[in-house]
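Here are a few exercises to work through with the model open on your screen. Try each one before you read its solution.

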Amino acid sequence: MRACDVVVTTCVGSGSEILDEPGLEFRTVVIDECSQATEVSVLVPIVAAARFIHQVVFLGDHHQLPPTVVSKEAASKGLDVSTFARLYLAGLHTNILLVQYRMHPEISKLASRNFYFGKLKANPTAAERKPPKNFPWPSTTEPIAWIDVSNGSEVKERSKSSLKSDEGNEETGTSLWNAQEIECVKWIVETLLSGANSTRAQDIGIISPYSAQVRMLSKTFQMIPGLEVNSVDGFQGREKDVMIVSTVRSNDRKSIGFVQDWRRLNVAMSRARRALIIVGDFKCITESSPIWNQWTTQLKKSKLIMQSHAAPLQL
């Protein structure tokens, strides 16, 4: 270990006795994804290297998801605020990386306008991020589509266990799923995988904010090797050529729960390299949240809204 120039570990793992042996002196500590780590966990490597440390480098994006804190009491007392966010808000000088190398320029433009003050620049050109040809994109220049599932219905999935719900309810575990959106996603995937210009299954990612929807989607596509289904939170830091986002919420109460978190919206809409498809009740989502309304207004202006082509749900 003493012969190594760089040692990679988790925050908690940095407190291991293995890294406390004589002769090991860590003068620089670099903490990646720091904005998603609790302050307590970030203190572990700093304290572990306290005798020799010269500098600490925090890498992260506080415009994406914060630390996951299940306890509402702990969150109310600030545990869900990362060290990165706290130092940024305190005025500590930061260096911002303004060039992104993932997204098609038009997808990047949406993220830049809504979350990064218009400063984000795209390195890949549109020619380097061509969308799949076998999907009926509403625009020939913008590889983005919102498929409006206005006939959808959110349904509660109740668990008899003491699992925490997506919304943080500490009572009986609950989550939501939307069968009509699943049918729409199924049509999208079948379309992308068919024809001479088909997209590879391993290049498609499907995400949703709700664990019940993730479970139902996973079951639906379990026979397609390589196709990945995950939660929005679980996909942070990941990317796929084509991303499909199922928003789930569909009601007359104008309530979308934790889906209205602008940081979760940012993560969901910035995973795609070549193309982004959102499936959801446009009216419900748009009228329930100012940040979603701001984002969807731009989609509507660019005429990127489509009606669902999915077959009627067979019950």
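**Exercise 1.** Work out whether Cys11 is buried, partly exposed or exposed, and what keeps its sulfur from bonding to the closest cysteine sulfur.

*Solution.* Start with accessibility: this is a predicted model, and in it Cys11 has a relative accessible area of 21%. Buried means under 20% and exposed means over 50%, so Cys11 counts as partly exposed. Now look for a partner. The closest cysteine sulfur belongs to Cys34, and it sits 7.1 Å away. A disulfide needs the two sulfurs within 2.5 Å, so that pair is too far apart for a bond.

**Exercise 2.** Do the same for Cys284: find its nearest cysteine sulfur and its accessibility class.

*Solution.* The nearest cysteine sulfur is that of Cys184, 16 Å off, and Cys284 is in no disulfide. Its relative accessibility is 5%, so Cys284 is buried. For the tally, the rule gives zero disulfides.

**Exercise 3.** Describe how domain 1 and domain 2 meet.

*Solution.* First, get the bounds: domain 1 covers 12-90, while domain 2 is made of 130-155 plus 174-310. Their C-alpha centres are 33 Å apart. Seven residues from domain 1 and nine residues from domain 2 make the contact.

Next, the area. Together the two domains bury about 770 Å², with 49% of that on carbon and sulfur atoms. On the domain 1 side, His63, Gln64 and Leu65 supply 70% of the area buried against domain 2, more than any other three residues.

Last, the chemistry. Between the domains there are zero salt bridges, but three residue pairs are in polar contact across the interface. Sorted by class, the domain 1 side that touches domain 2 has two nonpolar, four polar and one charged residues.

How values were computed. Residues are numbered from 1 along each chain as its sequence is written. This is a predicted model: local features need pLDDT of at least 70, side-chain atom pairs count only at pLDDT 80 or more; totals for chains, interfaces and linings use all residues. Side-chain values use heavy atoms; hydrogens and water are left out. Domain bounds come from an automatic or database domain assignment. Contact means heavy atoms within 4.5 Å. Buried area is the accessible area (1.4 Å probe) that two parts lose on being put together, summed over both. A salt bridge is a side-chain nitrogen of Lys or Arg within 4 Å of a carboxyl oxygen of Asp or Glu. A polar contact is a pair of N or O atoms within 3.5 Å; within protein, one must be able to donate a hydrogen and the other to accept it, and residues adjacent in sequence count only if both atoms are side-chain atoms. Ala, Val, Leu, Ile, Met, Phe, Trp, Tyr, Cys and Pro count as nonpolar, Asp, Glu, Lys and Arg as charged, and the others, Gly among them, as polar. Buried means under 20% relative accessible area, exposed over 50%, partly exposed in between (1.4 Å probe, protein chains only).
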